[in-house]
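Reader: I have a sequence and a model on my screen. Please take me through the packing, one question at a time.

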Amino acid sequence: MVKFNDSHPYAIETESLSIYYGRRRVVEDVNLRIPRNKVFAIMGPSGSGKSTLLRSFNRLLDLYPEARVEGRVKILGVDIYSPEIDPTVVRRVVGMVFQIPNPFPHLSIYDNVAIGPKLHGLCKSKKELDELVRWALEKAGLWEQVKDRLKEPASKLSGGQKQRLCIARALALKPKILLMDEPTANLDPVSTTKIEELIVELKKELTIVIVTHSPRQAARIADYVAFMYMGRIIEVGPADEIITSPKHPLTEKYLTGVVG
Ligand SMILES: Nc1ncnc2c1ncn2[C@@H]1O[C@H](COP(=O)(O)OP(=O)(O)OP(=O)(O)O)[C@@H](O)[C@H]1O
Ligand SMILES: [Mg+2]
């Protein structure tokens, strides 16, 4: 049984990480250390490899037959690409939320959250499952709005509500790390603010890695920012330093809208 070390200082560490699709290398020699219980933002122009990098952190890349990973990724001290690791366990510990909210549209609001814990056999009774679903929906700031309509299909929710449902679905598996790939890119400003508040709240309990194209969003919620360009990490550091006084000219060009 793999033991993730909850008090390890780094949620994620990569060592000489390169990622290929076929023969093309799209992530190049990335060495990152992402501290636990922080919000870590990844920024960079379209096509720079942000989503690919994120997908290597929970072995979602395994689902892309043409993808190949070189080097190491450690989650709470555990090398997740070593042969004895079960990728489904990694995906439970490292949850993911995508740009386009993707709840199962025909499943009920309740079942969208309950399905993961059911599949993983996390609850012993219906009561325990009910409590977990409620807890996750409360955490995601959705409970009050849906508690009287849990049996309705998820398709009836608004865009912002659907995204919060996806967050609740991820939280129900009690992940230690949550990966968010442009989670507010398709949301209105009010829903965006709610998700940002939620992210700041959640970092008390878990580590968040978020891809964002918005320097203002990064400034509002991130502790650290990494700037990526053509598969490489160009610059990484405290969010306020990177956003207000980047050291590398490419970062500055990106932030001022010249690149990307
Ligand atoms: N499944 C795939 N097969 C082959 N190439 C891919 C695949 N997915 C992505 N790529 C290529 O890998 C590179 C990095 O893509 P990725 O999606 O990681 O970029 P990104 O930084 O997330 O961009 P965006 O900001 O547009 O989401 C791009 O050149 C892309 O075309
Ligand atoms: Mg992307």
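**Strands, helices and a ligand shell**

Author: F227 stands opposite E235 in β11. Note that this model is predicted.

Reader: How many bridges join strand β10 to β11?

Author: Strand β10 covers residues 224–229 and runs antiparallel to β11. In the hairpin of β10 and β11, M230 takes a positive phi near 45°, and there are 2 residues between the strands. The number of bridges joining β10 to β11 is 6.

Reader: Which strands stand at the edges of the sheet, each with a single partner strand?

Author: The sheet is open, has 6 strands with mixed pairing, and follows the order β7-β8-β9-β4-β10-β11. Each edge strand has a single partner, so one of its sides is left without a neighbour in the sheet. The strands in that position are β7 (94–97) and β11 (232–238).

Reader: What is the average twist from one strand to the next?

Author: Strands of a sheet pair through backbone hydrogen bonds, either parallel or antiparallel. Here the sheet has mixed pairing. From one strand to the next, the twist averages 20°.

Reader: In β9, which residue is the bridge partner of I177?

Author: Strand β8 (residues 177–181) and strand β9 (residues 207–211) run parallel, and 5 bridges join them. I177 has its bridge partner in β9, and that partner is T207.

Reader: Which strands does α6 touch where it packs on the sheet?

Author: The direction of α6 makes about 170° with that of β7. An angle over 145 degrees counts as roughly antiparallel, so α6 is roughly antiparallel to β7. The strands that α6 touches are β7 and β8.

Reader: How do α3 and α6 lie: roughly parallel or roughly antiparallel?

Author: The axes of helix α3 (residues 109–119) and helix α6 (residues 159–171) cross at roughly 30° and come within 7 Å. Angles under 35 degrees fall in one class, which makes α3 and α6 roughly parallel.

Reader: Which residues of α6 do I109, N112, V113 and G116 in α3 meet?

Author: The crossing of α3 past α6 is right-handed. By class, their contact has 4 nonpolar, 2 polar and 1 charged residues. On the α6 side, the residues met are L165, A168 and R169.

Reader: Which residues of α7 make the contact with α6?

Author: Helix α7 (residues 189–202) packs with α6 at an angle of about 20°, with the axes 9 Å apart. The two helices are therefore roughly parallel to each other, and α6 passes α7 in a right-handed crossing. From α6 the contact takes G159, G160, Q163 and I167, and from α7 it takes S191, K194, I195 and L198.

Reader: By class, how many residues in the contact of α6 with α7 are polar?

Author: The contact has 3 nonpolar residues and 1 charged residue. The polar count is 4.

Reader: Which helix gives the largest share of the shell around ligand 1?

Author: Among the residues surrounding ligand 1 are Y21, V26, K50, S51, T52, Y64 and E66. The shell divides into 3 nonpolar, 7 polar and 2 charged residues. The largest share, 3 residues, comes from helix α1 (residues 50–56).

Note on methods
Residues numbered from 1 in each chain as written. Chains lettered and ligands numbered in written order. Predicted model: local features only at pLDDT ≥ 70, side-chain atom pairs only at ≥ 80, totals over all residues. Near = placed C-beta within 6 Å. Helix = DSSP H or I, 4+ residues; strand = E, 2+ residues; numbered from the N terminus. Nonpolar A, V, L, I, M, F, W, Y, C, P; charged D, E, K, R; others polar. Axes fitted to C-alpha atoms, helices over the stretch in contact; angles between N-to-C directions. Parallel < 35°, antiparallel > 145°, perpendicular 65-115°, else oblique. Left-handed = near helix turned anticlockwise from the far one by under 90°. Contact = placed C-beta atoms within 7 Å. Pairing = 2+ DSSP bridges.
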